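Here are my notes on the model, set out as numbered points. They begin with the ligand and then turn to the domains.

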Amino acid sequence: MQTAVLVGCGAMSEGWLRAIAQINKGAGKTAGAPPVTLVGFVDLDADLARKRADQAGYPDAQTGTDLAGMLAALKPDIVFDIVVPQARAQVVAAAFDAGCDVLSEKPLAQDLAQARALDVHRRATGRLHAVVQNRRHLAGIRRARDFLAGGALGEIAEVHCDFFIAPHFGGFREEMRHVLLHDMAIHTFDAARFVAGIEPRRAVCLETNPAHSWFAHGASASVLFECGAGRVMSYRGSWCADGMATSWEAQWRIIGANGTLLWDGNDGFQAQTVAARTGFLHPCDPCEVPALGTPLVHEGHAGVIADFLRARATGTPPLSDARDNIRSLAMTVAAIESAETGRFVDIAADFT
Ligand SMILES: NC(=O)c1ccc[n+]([C@@H]2O[C@H](COP(=O)([O-])OP(=O)(O)OC[C@H]3O[C@@H](n4cnc5c(N)ncnc54)[C@H](O)[C@@H]3O)[C@@H](O)[C@H]2O)c1
């Protein structure tokens, strides 16, 4: 059985541990995703590491604060990286040095320089690195993607996403700069690339922190991405928007040459396509958005982790390979730079 050390035993690790238990219980259901056992738990807080190991049913796992020492002693196959974003680069580098493949929480890195340096390190050590973009493993996102790929709307021209929620997290998010763009918007940016196949070329962003915000910086942002060939993506978001909340997956309007898809981010899909090219407003007919042909075996975090295990076993890339995910990070980085400079910012495209 392949082994893993889990590092970062905070809030998100509970969701990971539930997902791992689900995968192991249903082992074999996802083709090529073998089970995994946790042999070590690391956190800056040694008591928390012990608590998580015991809670998750791993009383024999080693626990502690020294990641490099534990990796040298246990020689696991995998590191599950769930630390705060500031600690990610050092944790991933230590894992590569110890010969481990890594599944990291988002964001991949603090900036593109750090992401590129990690990629150089990954190649030098010959490891696999993937990032948790759990939205790629949600039934709604797959359904929207399949519908667009089926061509009913024709060439996609506009993707508009609204994200309005008012969470009180406490912790690192309430202190960080550009909190919405850095910590949350990447989910929607990555989902837009995945669903509609857009690859933005430049970004312009207006970011604010409303007077009533309980975050230190950047709880609200509006971003426009120019995607080439007249295509555009817009993102309007706020993390201090009480009332009339959208889904955590955002609320979407996707416009193609032949019509429009509305998706509420949950189970609500509506589409219309042009019935006849005549008159002042061309008449449109409802268009069915088919349910997923094959239901997902695992969703969200369980989907990402199962996909990573499958990728390790089969040698085919995971859906959120770090080499692809850097393009979603590049959207975030460009939006942040635009928020700081007030200008359009080109999005790097020279990723291999
Ligand atoms: N994909 C998602 O939907 C989703 C949702 C929530 C959080 N996250 C991501 O998960 C990560 C963790 O978030 P969280 O909410 O669990 O944060 P958290 O603060 O609750 O937990 C992070 C833990 O990491 C530990 N840590 C920090 N530096 C460390 C180091 N160098 N070595 C070992 N442990 C270290 C901290 O002590 C803490 O226990 C973040 O990157 C966050 O963006 C993703």
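1. Ligand and Ala11. A backbone N or O atom of Ala11 lies 3.0 Å from an oxygen atom of the ligand. Please keep in mind that the model is predicted, so this distance and those below are computed from predicted coordinates.

2. Other polar contacts of the ligand. A polar backbone atom of Met12 is 2.8 Å from an oxygen atom of the ligand. With Arg88 the side chain takes part: one of its polar atoms lies 3.3 Å from a ligand oxygen.

3. Cover of the ligand. On its own the ligand exposes 850 Å², and the protein buries 83% of that area. The ligand has 25 residues around it. The closest are Ala11, Met12, Asp43, Glu105 and Lys106; Ala11 and Met12 have already appeared above through their backbone atoms.

4. Domain layout. The assignment splits the protein chain into two domains, each made of two segments. Domain 1 covers 2-134 and 299-319, while domain 2 covers 139-294 and 329-346. Their C-alpha centres are 29 Å apart.

5. Extent of the domain interface. On the side of domain 1, 15 residues make contact, and they meet 12 residues of domain 2. The area buried between the two domains is about 1100 Å², with carbon and sulfur atoms contributing 65% of it. Within domain 1, the residues that lose the most area to domain 2 are Lys106, Leu112 and Gln133; together they supply 42% of what that side buries.

6. Polar and charged pairs across the interface. How many salt bridges does the rule find between domain 1 and domain 2? It finds one. The side chains of Lys106 and Asp183 form a salt bridge, with N to O at 3.3 Å. Residue pairs in polar contact between the domains number three, with both partners at pLDDT 80 or more. By class, the domain 1 side that touches domain 2 consists of nine nonpolar, three polar and three charged residues.

7. Lys106. This residue deserves a separate look in the viewer. Lys106 is among the residues closest to the ligand, it is one of the three in domain 1 that lose the most area to domain 2, and its side chain meets that of Asp183 in a salt bridge.

Definitions and conventions:
Residues are numbered from 1 along each chain as its sequence is written. This is a predicted model: local features need pLDDT of at least 70, side-chain atom pairs count only at pLDDT 80 or more; totals for chains, interfaces and linings use all residues. Side-chain values use heavy atoms; hydrogens and water are left out. Domain bounds come from an automatic or database domain assignment. Contact means heavy atoms within 4.5 Å. Buried area is the accessible area (1.4 Å probe) that two parts lose on being put together, summed over both. A salt bridge is a side-chain nitrogen of Lys or Arg within 4 Å of a carboxyl oxygen of Asp or Glu. A polar contact is a pair of N or O atoms within 3.5 Å; within protein, one must be able to donate a hydrogen and the other to accept it, and residues adjacent in sequence count only if both atoms are side-chain atoms. Ala, Val, Leu, Ile, Met, Phe, Trp, Tyr, Cys and Pro count as nonpolar, Asp, Glu, Lys and Arg as charged, and the others, Gly among them, as polar. A residue is near a molecule or strand if one of its heavy atoms lies within 4 Å of it. Accessible areas come from the Shrake-Rupley method with a 1.4 Å probe; for residues, only the protein chains shown count as cover.
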